[in-house]
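Hi,

Here is the structure I said I'd pass on. Have a look first, and my notes follow underneath.

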Amino acid sequence: MTAAAMAVVVATTSAMANLTDPSNPSGTIVDRFADIEVMRYAVPGFNELSLNQKMLIYYLTEAAISGRDILWGQNGKYNLALRSLLEDMYAKYQGDKTSPEFLAFEKYLKQVEFGNGIYHHYSTDKFVPGFSEKWFDATLKSEDLDLSKYGEPATLKKLIFDPSFLPKRVNQAAGQDLIVTSANNLYDGVTQAEVEAYYASRKDTTDLTPVSYGLNTRVIKNPQGEVVEQVYKVGGLYSEAIERIVANLEKALPYAESQIQKDVIAKLISFYRTGNLKEFDEYSILWVDDTKSKVDFVNGFIESYGDPLGMTGAWESIVNFRNDAASKRTEIISGNAQWFENNSPVDPRFRKPHVKGVTAKVINAAILAGDAYPASPIGINLPNANWIRAAHGSKSVTIENLTQAYDDAAHGNGFNEEFVIDEPTRRLLDEYLFITDNLHTDLHECLGHASGQLLPGVDPDALKAHGSTLEETRADLFALYYLADPKLLELGLLDNPDAYKAEYYKFMLNGLMTQLMRIEPGKDVEEAHMRNRKLISEWVLEKGAPDNVVELVKIDGKTFVRINDYEKLRALFGQLLGEIQRIKSEGDYAAGEALVEKYAVKVDPTLHKEVLDRYAKLNIAPYKGFVNPVYTPVKDADGNITDVTISFEEGYLPQMFRYSRDYSTLPHEN
Ligand code: ZN
């Protein structure tokens, strides 16, 4: 897999608790802890599906939850042991549940559940417990819990209490051995140089249809000292979980909506049995070709952000079905893909003469699992393999019931009043941000990632560690540039020529200021999407300075973003898009690195502190995630399933505990 092709859109909306209509779960806050807010999403249209479609969704959601332990295992060797231990302690605890130590323990447990392990899902830093080792030991003793039942006691205690032991899941710091210093469980006993040499020896650079090397493996050293891959498959690594996924996919099979969807599911089952990446590519091609089925799903080893080398895919699943009314929007965009490509502000040599199969739709998620749960992307563009995208196209989706939940949760949280410069701009956001944010995601996914071409002979991995950031930058710029294009009005996608300004303002505000609330004081920006947004907004701030296009102004001692010239801002987005596309098309690593290092990484400590202080007063959680709805089959007297019902009552920890109780498959250590 090439890092450059990774394609997830992360929500930037800043939401906060509201008083939601109890009959509508969308945006209802179910839990709030540390820097996290957990909310519900509605699943509009589920009850109107046919029984056949509901059954298909039901078994696919079971297949989704069945893979939960895989991601926990991938995220860290001791995560499953830790989860068992913490959940048992929590369930058994008979002491004072109002004591500060217990409350700190509960917060820690919630953080670990949210991170699918002991690392923050976004920063990938290890969580710091707020309870003492003394309290922990005393509680184990009083509740009669034997630490050795979960693993080697000294190791488990170091894991929790020693901040220097396996401190970070994904280390991207330049100049270090990224494999040795990353605590994920994707490698064991090997150095970065050994892994790179291993893949270099296996990669056939003349192969025009290369498999995504390493996508479904852990790389280790065998007892003979050779570097080898352990394959995730039935009979291989994580076999018990994969067997259960396969069993549910088999149950889903009879309910497939078409022959091609049957083929998709059957091929995925076969891939899980063999672990053969050629089969995964065959599956991906079938999956891209199935554009008709209403119900669709992702289930597999997909995004490689968790691997500092961008090889191994984190396990994830999203089951969904098409929102037909909203999909008209993306059909219009895809239907005009070639027009957008032909008119993009990049050197014609870097444009695709024939944009292939950019299919796009708007979906409602029915379940989120693995790497997409509890924190979830709001848009997806798959598959990731570059050659498949070039030859067969890709499928792009906007997950509208999640964006709706963010939007519902964001109203009235005080964010706009604090950070948006004036009332007219706030009104603009109220009126047009939801639609322009969705359009941004559509354009980013359906057109942005699919646009452009490499010059002949350019290595798709040429941008190496900066590949993901620059790819996201490219897709965002493509979206930003076209959001302001009169073409969108002509196509009926927007009804006001000023609507795009809502998204422009939010993007600049987020990139220059408010996304900093996700960064701890003194730290750099590391995550690819955040770097991308910072790169774009800092670059246009600087390049637009002579014309005063955008500025940071002080009002009553507070910093605000002021956009003075939206048209020039658009021109700057176009100019930067031209340069980023050139960097990608020519594989100009040095230029890409220079841009990232100059604009995307370093944080102004004074502004950072101001943002954090202002943010703290609002009590808004910087990160959001979701609890899933619960699907229950309804049976008649003979045991036949006559319906599947959906409910939204389950709480955050109860859902986690139920999943652990009913879907645990793997041993404590993996
Ligand atoms: Zn993207």
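His444 and His449 are both buried, and each gives its NE2 atom to the zinc ion. Keep in mind that this is a predicted model. Glu472 coordinates the zinc ion as well, through OE, and the distances for the three residues run from 2.0 to 2.2 Å. Along the chain, the zinc donors follow the spacing H-x4-H-x22-E.

Next, the sheet. It is an open one with 3 strands, ordered β2-β3-β14, and the pairing is mixed. At the edges sit β2 (29-33) and β14 (623-627), each pairing on one side only. On average, neighbouring strands here are turned by 20° against each other, ignoring direction. The pairing of β3 (residues 36-40) with β14 is parallel and covers 5 bridges; Glu37 stands opposite Lys624 in β14. Helix α24 (residues 652-663) packs on this sheet and touches β2, β3 and β14, with its direction at about 90° to that of β2.

I also looked at Lys92, which belongs to helix α3 (residues 79-92). Is Lys92 buried or exposed? Neither, quite: its relative accessibility is 40%, so Lys92 counts as partly exposed. Beyond its neighbours within four places in sequence, Lys92 is in contact with Glu143, Asp144 and Leu145. With Glu143, the Lys92 side chain reaches the backbone oxygen at 3.4 Å. Glu194 is another matter: Lys92 and Glu194 are 102 residues apart in sequence, and their C-alpha atoms are 45 Å apart in space.

Cheers

Methods: Residues are numbered from 1 along each chain as its sequence is written. This is a predicted model: local features need pLDDT of at least 70, side-chain atom pairs count only at pLDDT 80 or more; totals for chains, interfaces and linings use all residues. Side-chain values use heavy atoms; hydrogens and water are left out. Helices (H or I, at least four residues) and strands (E, at least two) are DSSP runs, numbered from the N terminus. Buried means under 20% relative accessible area, exposed over 50%, partly exposed in between (1.4 Å probe, protein chains only). Contact means heavy atoms within 4.5 Å. A polar contact is a pair of N or O atoms within 3.5 Å; within protein, one must be able to donate a hydrogen and the other to accept it, and residues adjacent in sequence count only if both atoms are side-chain atoms. Donors are N, O and S atoms within 2.8 Å of the metal (3.2 Å for Na, K and Ca); water is not among the atoms, so sites may look incomplete. Two strands pair if DSSP finds at least two bridges between them. Axes are lines fitted to C-alpha atoms, for helices over the stretch in contact, and angles run from 0 to 180 degrees between N-to-C directions.
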